[in-house]
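Reader: I've got a model open and a few labels I'd like to see justified. Can we go through them one by one?

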Amino acid sequence: MIEKHIVLEDIDPVIFYGVNNSNMQLIKALFPKLRIVARGNVIKVLGDEEEIRVFENNIHALEKYSSEYNSLKEEVIIDIVKGNTPQGEKTGNVIVFSVTGKPILPRSENQLKLVEGFDKNDMVFAIGPAGSGKTYTAIALAVRALKNKEIKRIILSRPAVEAGEKLGFLPGDMKEKIDPYLQPLYDALQDMIPAAKLKEYMELNIIQIAPLAFMRGRTLNDAVVILDEAQNTTTQQIKMFLTRMGMNTKMIVTGDITQIDLPAAQTSGLVQATRILKGVKGISFIELNKKDIVRHKLVERIVDAYDKFDKEHKTDREKRIGKTEEYKQIP
């Protein structure tokens with residue numbers, strides 16, 4: 001008899017071991033000849049060498065399944081241990097699976113174009129209105145690349161610009177001061193990565209979330225780098241960000257040019273970048289619209305109403321300017 005310690009690197013214990021350790025109890029029942037003790041991410045097993053080898057292969061297969069699908073059901077455990085292929089959970093264009101095991105996939109034609117653009121290019125600009133899935137899809141693509149070990153880290157950034165109101169002095173350390181600006185990124189990550197694993201990734205800097213100002217002077221290698229709310233960057237900031245790109249790195253820039261919170265005198269870096277970089281090989285531009293909105297149905301109606309108001313306001317302003325010019329020409 002021998003003893004072996006099996007270290008599981010890519011598991012969330014709650015998902016892998018099951019509620020009240022139910023999955024582990026089933027695994028023990030399927031290997032009655034072995035003595036199995038599990039603590040944290042380490043499984044200690046005692047028994048015959050050949051039996052342990054089979055057990056270890058099955059455990060790593062279960063680990064891979066659990067990591068990919070963010071779920072591990074009893075029927076899957078039985079299928080894998082018996083050498084059967086588990087019922088496929090993938091459907092079509094699934095990017096990753098949520099923490100509840102639900103598939104996250106493109107929900108519109110333009111979101112699918114974003115996925116395809118990411119696969120074919122090293123830099124992608126995703127521009128569209130609120131609720132069109134720009135940031136969520138971008139983070140799903142980054143999580144997929146990390147799970148597939150295509151990259152070593154995810155870096156998420158956004159400019160710290162207030163949306164109309166002044167937040168004033170924020171107490172706490174640097175992380176606590178910038179967290180309010182970065183909360184939408186945390187929300188998406190928490191949907192896709194189990195809490196314990198996300199905490200570990202952030203402590204190890206495998207996932208880094210930082211304001212744009214912290215990017216200066218860095219070269220970002222082996223990463224997916226996402227710049228969110230890029231419409232609020234200045235022309236100097238976005239140029240600085242785009243030139244941080246290192247080897248084996250992909251960048252996704254997201255923004256909504258109808259929600260620019262910069263002072264009126266400043267040009268949006270995103271608007272300028274779309275003009276300058278159009279046609280550059282290796283850069284893809286995906287434009288999303290109100291048809292891509294996947295939030296509450298009211299969001300699309302709100303966007304429609306504001307678009308209509310803006311068009312009417314622009315027409316009225318042009319008429320007033322025209323009448324003023326006409327009046328000035330009267331001798």
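Reader: Is the crossing of helix 5 and helix 6 right-handed or left-handed?

Author: Right-handed, for helix 5 with helix 6. Bear in mind that this is a predicted model. The two axes, of helix 5 and of helix 6 (residues 134-147), come within 10 Å and cross at roughly 40°.

Reader: Which residues of helix 5 and helix 6 meet?

Author: From helix 5 you have Gln 111, Leu 114, Val 115, Phe 118 and Asp 119, and they meet Lys 134, Thr 137, Leu 141 and Arg 144 in helix 6. By class, that contact divides into 4 nonpolar, 2 polar and 3 charged residues.

Reader: Now helix 2 and helix 4. What makes helix 2 roughly parallel to helix 4?

Author: It's the angle. The axes of helix 2 (residues 22-30) and helix 4 (residues 74-81) come within 10 Å and cross at roughly 30°. Angles under 35 degrees count as roughly parallel, so helix 2 gets that label with helix 4. The crossing of helix 2 past helix 4 is right-handed.

Reader: Which residues make the contact of helix 2 with helix 4?

Author: Helix 2 brings Ser 22, Asn 23, Leu 26, Ile 27 and Leu 30, while helix 4 brings Glu 74, Ile 77, Ile 78 and Val 81. Sorted by class, there are 6 nonpolar, 2 polar and 1 charged residues in the contact.

Reader: Why is Leu 62 called buried?

Author: Buried means under 20% relative accessible area. Leu 62 has 1%, so Leu 62 is buried. You'll find Leu 62 in helix 3 (residues 49-69). Setting aside neighbours within four places in sequence, Leu 62 is in contact with Phe 16, Ile 27, Leu 72, Ile 77 and Ile 80. Two of those names should ring a bell: Ile 27 and Ile 77 also take part in the contact between helix 2 and helix 4. Then there's Ile 11, 51 residues apart from Leu 62 along the chain, with 9.5 Å separating their C-alpha atoms.

Reader: How do you know that Ala 210 is buried?

Author: By the same kind of check. The relative accessible area of Ala 210 is 11%, and the cut-off is under 20%, so Ala 210 is buried. Ala 210 lies in strand 8 (residues 207-211). Not counting residues up to four places away in sequence, Ala 210 touches Leu 156, Ser 157, Arg 158, Leu 182 and Met 215. For Arg 158, the C-alpha to C-alpha distance from Ala 210 is 7.3 Å, with their positions 52 residues apart in sequence.

Reader: And what makes Ser 108 buried, given that Ser 108 lies in a loop?

Author: The label rests on accessible area: Ser 108 has a relative value of 13%, which is under 20%, so Ser 108 is buried. The loop in question runs between strand 5 (103-104) and helix 5 (109-120). A polar atom of the Ser 108 side chain lies 3.2 Å from the backbone nitrogen of Gln 111. Gln 111 is also one of the helix 5 residues that meet helix 6.

Reader: Which residues of helix 9 are buried, and what do they pack against?

Author: In helix 9 (residues 235-242) they are Thr 235, Ile 238, Met 240, Phe 241 and Leu 242. The buried residues of helix 9 pack against strand 6 (123-127), strand 9 (223-227), strand 10 (249-255) and helix 10 (269-277).

Reader: How many helices and strands does the protein chain have?

Author: There are 11 helices and 11 strands. Of the 331 residues in the chain, 44% are buried.

Definitions and conventions: Residues numbered from 1 in each chain as written. Predicted model: local features only at pLDDT ≥ 70, side-chain atom pairs only at ≥ 80, totals over all residues. Heavy atoms only, no water. Helix = DSSP H or I, 4+ residues; strand = E, 2+ residues; numbered from the N terminus. Buried < 20%, exposed > 50% of the residue type's maximum accessible area, 1.4 Å probe, protein only. Polar contact = N/O pair within 3.5 Å; in protein donor to acceptor, adjacent residues only side chain to side chain. Axes fitted to C-alpha atoms, helices over the stretch in contact; angles between N-to-C directions. Parallel < 35°, antiparallel > 145°, perpendicular 65-115°, else oblique. Left-handed = near helix turned anticlockwise from the far one by under 90°. Contact = heavy atoms within 4.5 Å. Nonpolar A, V, L, I, M, F, W, Y, C, P; charged D, E, K, R; others polar.
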